[in-house]
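Let's take a look at side-chain contacts in this one. Charged pairs come up first, then aromatic rings.

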Amino acid sequence: MSHPTAAVYPSASESRRHPASLLPKFMHDPTLLDLVRSPVTPDMIAFLAAKAVEVIQCGPPPATMSTPPATPTKGDFTATDDDPSAIPSLEAFIGILVEKSNVQVPTLLCTLVYLDRLKTRLPKIAKGMHCTRHRVFLATLIVAAKYLNDSSPKNKHWTRYGALFSPAEVNLMERQLLFLLDYDLRMEEPELLAHFSPFLVQPYASTSCYVHPTEQLVSQKYPSTPSRSKAVETGLLT
């Protein structure tokens with residue numbers, strides 16, 4: 001006579017709520033928990049830059065003038081497309097933001113979710129300027145930091161970290177991104193696992209009979225915020 005497989009219950013430590021979640025540790029994918037504790041790496045920054053490039057097509061930097069540059073004035077402390085030499089590469093820009101803001105892996109990698117959503121909402125023919133991708137990434141990082149953390153840098157701090165855009169521009173790009181995302185910033189674990197997959201270390205094969213709690217539950221979908229009909233605002237691209 002065969003006996004049913006004995007259930008494997010989580011330990012007391014696994015039953016404790018994860019500090020970055022409202023759920024116990026055992027209800028999260030262990031590879032995801034390992035990733036959020038890891039430091040930011042150059043590979044992550046390069047991957048983020050590549051994904052940001054996929055969001056929108058951008059024109060090349062404007063040709064530099066052969067005439068002598070104008071004498072800078074007091075207000076000329078932010079880079080524009082008229083001064084392409086002042087705009088670092090996207091990868092370098094992300095690296096600067098990471099270093100100055102001390103952003104951690106969970107917040108940084110969650111920008112991948114918003115970049116992907118934005119990509120699906122922009123028209124295929126949308127085209128930006130040389131610095132548009134810098135704007136897009138900065139906006140996604142600001143939104144992710146504010147959504148995921150009880151305390152995050154203010155926009156005046158992000159303005160200083162990026163050193164490319166004025167406070168008014170930073171405020172505007174954040175509002176425009178929120179509009180394009182329908183103000184829906186929620187993320188579910190399967191979505192995170194899909195976007196973070198290049199950085200997840202797969203565990204060794206196990207003979208354990210333990211079944212992840214999310215697989216035991218009947219598929220249960222929570223109602224999402226209905227999308228409202230809207231025309232895509234392209235202000236983020238200018």
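A salt bridge here is a side-chain nitrogen of Lys or Arg within 4 Å of a carboxyl oxygen of Asp or Glu. R186 and D184 make one, with their closest N and O atoms 2.9 Å apart. Keep in mind that this is a predicted model: local features need pLDDT of at least 70, side-chain atom pairs count only at pLDDT 80 or more, and totals for chains, interfaces and linings use all residues. Residues are numbered from 1 along each chain as its sequence is written, and side-chain values use heavy atoms, leaving out hydrogens and water.

**Salt bridges**

How many salt bridges does a search of the whole structure find? The search turns up seven. Three of them are set out here:

| Pair | N to O distance |
|---|---|
| R186 and D184 | 2.9 Å |
| E191 and R117 | 3.0 Å |
| K119 and E54 | 3.7 Å |

K119 and E54 tie together distant parts of the chain, 65 residues apart: K119 sits in helix α5 (residues 105-121) and E54 in helix α3 (residues 42-55). Helices, by the way, are DSSP runs of H or I with at least four residues, numbered from the N terminus. There's a bit more to this spot, as K51, E54 and K119 are linked in a network of salt bridges.

E191 and R117 also bridge distant parts of the chain, with E191 in helix α9 (residues 189-196), R117 in helix α5, and their positions 74 residues apart.

Are these two residues buried or partly exposed? Buried means under 20% relative accessible area, exposed over 50%, and partly exposed in between (1.4 Å probe, protein chains only). R117 has 13%, so R117 is buried, while E191 at 26% is partly exposed. K119 is partly exposed at 35%, as is E54 at 40%.

**Aromatic pairs**

Rings of Phe, Tyr and Trp (its six-membered ring) pair if their centres lie within 6.5 Å; planes under 30 degrees apart count as stacked, over 60 as edge-to-face and the rest as tilted. The whole structure has two such pairs. In F47 and F199 the ring centres are 5.3 Å apart and the planes stand at 90 degrees, so this pair is edge-to-face. F47 belongs to helix α3 and F199 to the loop between α9 and α10 (213-216), distant parts of the chain 152 residues apart. F199 is buried at 18%, whereas F47, at 23%, is partly exposed.

W158 and Y161 are edge-to-face too, because their planes are at 90 degrees, with centres 5.5 Å apart. Both lie in helix α7 (residues 155-162), three residues apart, or about one turn of the helix. W158 is buried at 2%, and Y161 is buried at 15%.

Terms used: Helix = DSSP H or I, 4+ residues; strand = E, 2+ residues; numbered from the N terminus.
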